[in-house]
Amino acid sequence: MNSKPVDIGFLEEKESWLLHPRFFPSKVGGKPAWLDLKNLPSSKELTCKKCNDPLIFLCQVYAPYEDKSDSFHRSIFIFICKNGSCCQSNCADNIIVLRCQLSRRNDFYSFEPYKEDENEEFPMSDFPKLCNLCGTRAPSHCSKCKKTYYCSRKHQILDWQKGHKEDCSNLQQETTFNANNFIVTEAGKSILFKEWELIVDEEDEEEATNIDTNKEMEKLTKLLQEKKGGSLSNIDDAELEQYTRGLPVDKVFNKFSKRIARHPEQVLRYDRGGTPLWITENKNALIHVPNCQYCEGERQFEFQIMPQLLNFINVGLENNSIDWGVLAIYSCKNSCNQGPAYKEEHIIKQDLN
Ligand SMILES: [Zn+2]
Ligand SMILES: [Zn+2]
Ligand SMILES: [Zn+2]
Ligand SMILES: [Zn+2]
């Protein structure tokens, strides 16, 4: 068994400018803080395979390979389609995972860490323009002001309706404009997930004392209950803890609940080379992980996103919204550097039913 401690991730509010790419953040929501600022994925890559809408940035985890010089900086990005109808049980076709890595000496950032100075200049003029709304690569621009860029017609129309209509004429007068702002606009708030810093720390064995465990478990239980469809077998009442009473429980779910009860508000578990904490028994041979398509080497489990994240980004409770039980991310074991700057990795979406 794997005895090394698991790192778990919590969310904290943070001023947007402190989540700029130069600080190599782990974060949820808002715009992606790209690592390689030049060789961005195309808008086509970030399009939902099911409905063709632009995928929306969900989160990124900064996870360097300390012993590999070409991954001194390394981030994993997750994008998801926000249409509930594209979200199907135990199917991750509405999600894409991208890995990007850089040497300590690279074309974008200084060798030494940046100071936390809000007014520090970080010129972006040499890099591709980003969508004013969602922060992904933007091949087209507003034909009136020629200063605002978009990934898609859909986001251009939305931005026009939600504010650009007023800003556009002002922008036409101005001589300079930074079209690569990582700060979320008012219009952006209508489609992006709420922005948080993701703090990743070692899981301790003790139950957390400064949070209301029962209240957090209640929230999670409610979330999972509303999503339950079929009933699960192997219910053993004697095994139920007080906070899972009333839920259809299998042994795996029971273990899942006990483990997360230590830190009910965790949104991520990072355990590179370990095994995921599944939410339920795997019924249909879910876990087939293909080899890396760039180096053909093996992939390994790296981290998982927990269903609690849904509580923090204001989705998951309405009908027909996106949801998940567990999102397990598998990445190239060697963290190879072949292929494009943003390399696709494998994700398994496991649902409670
Ligand atoms: Zn879709
Ligand atoms: Zn966009
Ligand atoms: Zn305009
Ligand atoms: Zn590889």
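Are Cys 134 and His 155 buried or exposed? Here are a few friendly notes on that and on the two zinc sites.

1. Both Cys 134 and His 155 are buried (under 20% relative accessible area, with exposed over 50% and partly exposed in between, using a 1.4 Å probe and protein chains only). This is a predicted model, where local features need pLDDT of at least 70, side-chain atom pairs count only at pLDDT 80 or more, and totals for chains, interfaces and linings use all residues. Residues are numbered from 1 along each chain as its sequence is written, chains are lettered from A and ligands numbered from 1 in the order in which they are written, and side-chain values use heavy atoms, leaving out hydrogens and water.

2. Cys 131 (SG), Cys 134 (SG), Cys 151 (SG) and His 155 (ND1) coordinate the zinc ion (ligand 2) at 2.1 to 2.3 Å (donors are N, O and S atoms within 2.8 Å of the metal, or 3.2 Å for Na, K and Ca). Cys 134 lies in the loop between β5 (95–102) and β6 (140–141), and His 155, 21 residues apart from it, in helix α1.

3. For the zinc ion (ligand 3), the donors are Cys 142 (SG), Cys 145 (SG), His 164 (NE2) and Cys 168 (SG), at 2.1 to 2.4 Å. Their spacing along the chain is C-x2-C-x18-H-x3-C.

4. The angles at the zinc ion (ligand 3) are 107 to 116 degrees, so the arrangement is tetrahedral (four donors, all angles between 85 and 135 degrees). Ideal angles for four tetrahedral donors are 109.5 degrees.

5. His 164 and Cys 168 are both buried.

Terms used
Tetrahedral: all angles 85-135°; square planar, octahedral: opposite > 155°, others 65-115°. Helix = DSSP H or I, 4+ residues; strand = E, 2+ residues; numbered from the N terminus.
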